[in-house]
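Please follow one chain step by step, beginning with a single side chain and moving outwards to the parts that surround it. Keep the sequence and the 3D view side by side as you read.

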Amino acid sequence: MPQLKIGVLISGGGTNLQSIIDNINNGFIDAKIDVVISNKKSAYGLERAKSNGIDAIYVNPNNYKGSEEYNQIIISELQDRNIDLIVLAGYLKILSMDFVRTFENKIINIHPSLIPSFCGRGYYGIKVHEEVIKYGVKVTGATVHFVDDGADTGPIILQDIVFVDNNDTPLSLQLKVLNIEHKILPLAIKLFCENKLVLEDRRVIIKN
Ligand code: GRF
């Protein structure tokens, strides 16, 4: 099977991006990250990409008239590069309808909670873990899912859990959850690249 080309969209530190890079380098994933795109100039993930010889592009949303035009620039960049899989790894902008339709079932996202809890609009970053602690749930986790035109509503590929301990803070929980994100995101990418994810309505069946 020819090696798939991945485009990674980020807005921040890029520890998930790093986990993908590491798992490509150690042979777990047979694919290539062709480009990393950020909507934030200061995103440290751009540096991670550059230091690994990956094209790193900052697209300033302020240079475009609106969200549609901004999204179109990114769509074109990904199309020009014949990207097979788009990974949202801490990308904090909502994709346009056009974006989602252009790359239907080819976009995956990592979310730091057990969807359908603590997700959707407004649930990002440390806020997710603050709400988890406030609510008092005893387990939380991370979810990798396909992206559809809703906020965190697409078919779920993988989930894993962590326990919420009495002394957990939003920050300690965030670190525990990041730890499992760095395992399930590379695994989901590997399964995608090996063509092992089959969609049946909104269920994702993982083939052996
Ligand atoms: C992660 O918690 C991810 O689930 C969420 O944003 C965070 C990004 O972290 N979507 P990083 O930039 O990969 O370190």
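H145 is buried, with a relative accessible area of 2%, in this model, which is a predicted one. This histidine is found in strand β6, and, leaving aside its neighbours within four places in sequence, H145 is in contact with I107, I108, N109, I115, D152, G154, P155, I156 and I157. Several of these names come back below, so the list is worth keeping at hand.

Among the contacts of H145 are I107, I108 and N109, and these lead us to strand β5, which spans residues 107-111. How many of the residues of strand β5 are buried? The count is 5 of the 5, and therefore the strand is largely enclosed by the rest of the structure. The cover reaches both faces of β5, since I107, N109 and H111 on one side are buried, and so are I108 and I110 on the other.

Next come the strands that pair with β5. Strand β4, made of residues 85-88, pairs with β5 in the parallel sense over 3 bridges, and within this pairing L88 stands opposite N109. To get from β4 to β5 the chain passes through helix α4, residues 97-102, and this β-α-β crossover is right-handed. Strand β6, residues 139-146, pairs with β5 in the antiparallel sense over 4 bridges, and here I108 of β5 stands opposite F146 of β6.

A few places in the chain have an unusual backbone geometry, and a general rule helps in reading them. Most residues other than glycine have a negative phi, and most peptide bonds are trans. N105, in the loop between α4 and β5, has a positive phi of about 60° although it is not a glycine, and with a relative accessible area of 34% this asparagine is partly exposed. D152, in the loop between β6 and β7, likewise is not a glycine and has a positive phi, of about 65°, but D152 counts as buried at 14% relative accessibility, because the cut-off for buried is under 20%. The peptide bond that joins I115 and P116 is cis, with omega about 15°, and P116 lies in the loop between β5 and α5.

That loop between β5 and α5 also holds C119. Is C119 buried or exposed? With a relative accessible area of 18%, C119 is buried. Not counting neighbours within four places in sequence, C119 is in contact with H111, S113 and D152, and although C119 and D152 are 33 residues apart along the chain, their C-alpha atoms are separated by 6.3 Å. D152 is also among the contacts of H145, where this account began.

From the end of β5 we can move to the ligand, as I110 and H111 are among the residues that surround it, together with G12, G13, G14, T15, N16, G90, P112, L178 and E181. Which atoms of the protein lie at a short listed distance from an oxygen atom of the ligand? For T15 it is a polar side-chain atom, at 2.6 Å, for N16 a backbone N or O atom, at 2.8 Å, and for E181 a polar side-chain atom, at 2.7 Å. Taken alone the ligand exposes 370 Å², and the protein buries 84% of that.Helix α1, residues 15-25, has N16, L17, S19, I20, I21, N23 and I24 as its buried residues. What covers them includes β1, β2, α2, β4, β5 and α6, and so β5 enters the picture once more, here as part of the cover over α1. An α-helix has 3.6 residues a turn, so residues three or four places apart point the same way. Just after α1, G27 takes a positive phi of about 90°.

Helix α6, which takes part in covering α1, contains P186, and this proline is buried, with a relative accessible area of 1%. Not counting residues up to four places away in sequence, P186 touches S19, N23, F28, I29 and E181. P186 and N23 are 163 residues apart along the chain, yet their C-alpha atoms are separated by 6.6 Å. E181, which P186 touches, is one of the residues that surround the ligand.

Notes. Residues numbered from 1 in each chain as written. Predicted model: local features only at pLDDT ≥ 70, side-chain atom pairs only at ≥ 80, totals over all residues. Heavy atoms only, no water. Buried < 20%, exposed > 50% of the residue type's maximum accessible area, 1.4 Å probe, protein only. Helix = DSSP H or I, 4+ residues; strand = E, 2+ residues; numbered from the N terminus. Pairing = 2+ DSSP bridges. Right-handed = clockwise from strand over helix to strand, strands pointing away. Near = heavy atom within 4 Å. Polar contact = N/O pair within 3.5 Å; in protein donor to acceptor, adjacent residues only side chain to side chain. Areas by Shrake-Rupley, 256 points an atom, 1.4 Å probe, with all protein chains shown as cover. Contact = heavy atoms within 4.5 Å.
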